[in-house]
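Biologist: Please take me closely through one helix pair in this model. Then show me the parts around it and the rest of the chain.

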Amino acid sequence: MRRVTLTQFLIEQQRAGRTSPDLRLLIEVVARAVKAIGVNVSKGALADLLGEAGTDNIQGEAQKKLDVIANEILLQANEWGGHLAAMASEEVEEVHQIPFDYPKGGYLLLFDPLDGSSNIDVNISVGTIFSVLRFPEGVKEPNEQCFLQPGREQVAAGYALYGPSTLLILTVGNGVHGFTLDREMGSFVYTHPFMTVPVDTQEYAINASNARHWEPPVQRYVAELQQGKTGPRGKDFNMRWVASMVADVHRVLTRGGIFMYPLDEKCRDQGGKLRLMYEANPMAMLVEQAGGSATTGRQRILDVQPERLHQRVPVILGSTHEVERVTAYHLEG
Ligand code: AHG
Ligand code: MN
Ligand code: MN
Ligand code: MN
């Protein structure tokens with residue numbers, strides 16, 4: 001079998017007119033950063049990398065040491081290549097400007113440097129999520145406003161999953177493609193062409209400890225799933241919840257399923273739990289590119305007009321028939 005590396009895949013995409021040279025460079029740089037993050041994640045206690053950093057981020061969360069390290073790795077790796085106009089990160093309050101002594105490019109990069117960081121200390125899979133937008137023409141100095149584009153404008157999105165193997169899952173708008181890190185060779189190898197999410201599923205993912213805080217449409221939907229064969233759905237459903245969005249969404253992209261972090265009484269004031277720009281939008285693009293669906297319960301995620309960089313939204317994504325059903329329950333109410 002021909003062994004295709006990420007580099008080769010990207011060059012072929014470029015030849016087919018699906019990526020520009022700068023977007024190719026951007027993805028290569030992200031892939032390099034992700035390898036470095038993976039090395040740090042796997043060192044764990046050996047390098048004193050577990051536990052709290054002792055600081056809070058703009059989200060009001062206590063940062064883990066690895067949140068800070070992963071953020072630094074991504075910022076530094078992407079500053080000097082000349083492909084970016086600016087960056088935005090879950091861990092950074094303001095837009096991160098490219099230092100003035102480096103050239104600037106035509107893209108904006110947004111990321112969740114380490115997703116699932118509450119799982120680091122218990123050695124459960126974590127990840128990195130990223131999203132790429134175009135830097136709007138005619139704007140001189142990149143500001144927050146430049147980033148506030150709906151998710152359908154993304155030119156690329158992806159994530160890395162630091163699990164038993166390190167994976168890079170990517171879309172440039174032509175399906176979803178997965179790569180596995182060959183640690184000996186140091187390269188990502190093309191292992192998962194055109195990943196697809198089946199329209200039907202018997203698996204759901206939700207933090208059930210919030211059940212009493214959910215809105216009625218979600219309560220109704222989950223109650224029906226839990227009634228199994230003898231209930232209105234006429235079949236049994238299994239449940240999984242890793243609490244690392246990357247791992248939960250990767251399962252959906254691998255074998256189908258529905259993933260939900262809906263609006264509830266605990267996160268209502270913030271508009272949801274997950275971040276629109278770093279989590280919901282890139283995952284929604286990937287899931288749609290794989291044939292699935294992604295809504296807030298009331299609206300397609302990729303059509304949400306962002307108002308703030310760190311905005312949060314409810315997220316319901318995965319197998320289309322299930323996402324449509326729970327969305328219909330919201331719209332009926
Ligand atoms: P992050 O670690 O980047 O802050 O994201 C954590 C998110 C997401 O990965 C996961 O789906 C969710 O938080 C888990 O939330 P609960 O702890 O409420 O289950
Ligand atoms: Mn966080
Ligand atoms: Mn996250
Ligand atoms: Mn994070």
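**The helix pair and its surroundings**

Modeller: Start with helix α2 (residues 21-43) and helix α3 (residues 65-79), whose axes come within 9 Å and cross at roughly 155°. That crossing makes α2 roughly antiparallel to α3 (over 145 degrees; under 35 is roughly parallel, 65 to 115 roughly perpendicular, the rest oblique). Which residues of α2 and α3 make the contact? On the α2 side they are V29, R32, A33, A36, I37, N40 and V41. On the α3 side they are L66, I69, A70, I73, L74, A77 and N78. Contact here means C-beta atoms, placed from the backbone, within 7 Å. Axes are lines fitted to C-alpha atoms, for helices over the stretch in contact, with angles from 0 to 180 degrees between N-to-C directions.

This is a predicted model: local features need pLDDT of at least 70, side-chain atom pairs count only at pLDDT 80 or more, and totals for chains, interfaces and linings use all residues. Residues are numbered from 1 along each chain as its sequence is written, while chains are lettered from A and ligands numbered from 1 in the order written.

Now step between the two helices along the sequence. Here lie strand β1 (residues 52-56) and strand β2 (residues 62-64). Both kinds of element are DSSP runs numbered from the N terminus (helices H or I, at least four residues; strands E, at least two). β1 and β2 run antiparallel and are joined by two bridges; at least two are needed for strands to pair. E52 stands opposite K64 of β2. Five residues separate the strands of this hairpin, and G60 takes a positive phi near 80°. Is β1 covered or hardly covered? It is hardly covered: none of its five residues is buried. Buried means 20 or more other C-beta atoms, placed from the backbone, within 10 Å of the residue's own; exposed means 12 or fewer, partly exposed in between.

Next comes the sheet. It is open, it holds eight strands, and its pairing is mixed. Read across it, the order is β4-β3-β5-β6-β7-β8-β9-β10. Its edge strands are β4 (96-97) and β10 (187-192), each of which pairs on one side only.

Look at β6 (residues 126-134) inside this sheet. It is mostly covered, with eight of its nine residues buried. β6 pairs with β5 in the antiparallel sense, over seven bridges. In that pairing, D112 stands opposite I129 of β6. β6 also pairs with β7 (residues 156-162), again in the antiparallel sense over seven bridges. Two matched positions help you trace that pairing by eye. V126 has Y162 of β7 as its bridge partner. V132 has A156 of β7 as its bridge partner.

What lies across these strands? Helix α7 (residues 276-289) lies across β3 (84-89), β5 (107-115), β6, β7 and β8 (166-171). It runs at about 85° to β6. How many of the 14 residues of α7 are buried? The count is 14 of 14, so α7 is largely enclosed by the rest of the structure. Just after α7, G291 takes a positive phi of about 95°.

α7 has a helix partner of its own. The axes of α6 and α7 come within 11 Å and cross at roughly 10°. That makes α6 roughly parallel to α7. From α6, the contact uses M245, V249, V252 and L253. From α7, it uses E279, M283, L286 and V287.

α6 covers residues 245-255, and eight of these 11 are buried, so this helix too is largely enclosed by the rest of the structure. The buried set is M245, V246, A247, D248, V249, H250, V252 and L253. Just after α6, G256 takes a positive phi of about 85°.

Finally, step back to the chain. It contains eight helices and 17 strands. Of its 333 residues, 47% count as buried. Its C-alpha atoms fill a box of roughly 65 × 50 × 45 Å, taken along the principal axes. Take the contacts with a separation of 6 or more: residues 24 or more positions apart account for 64% of them.

Note on methods:
Contact = placed C-beta atoms within 7 Å.
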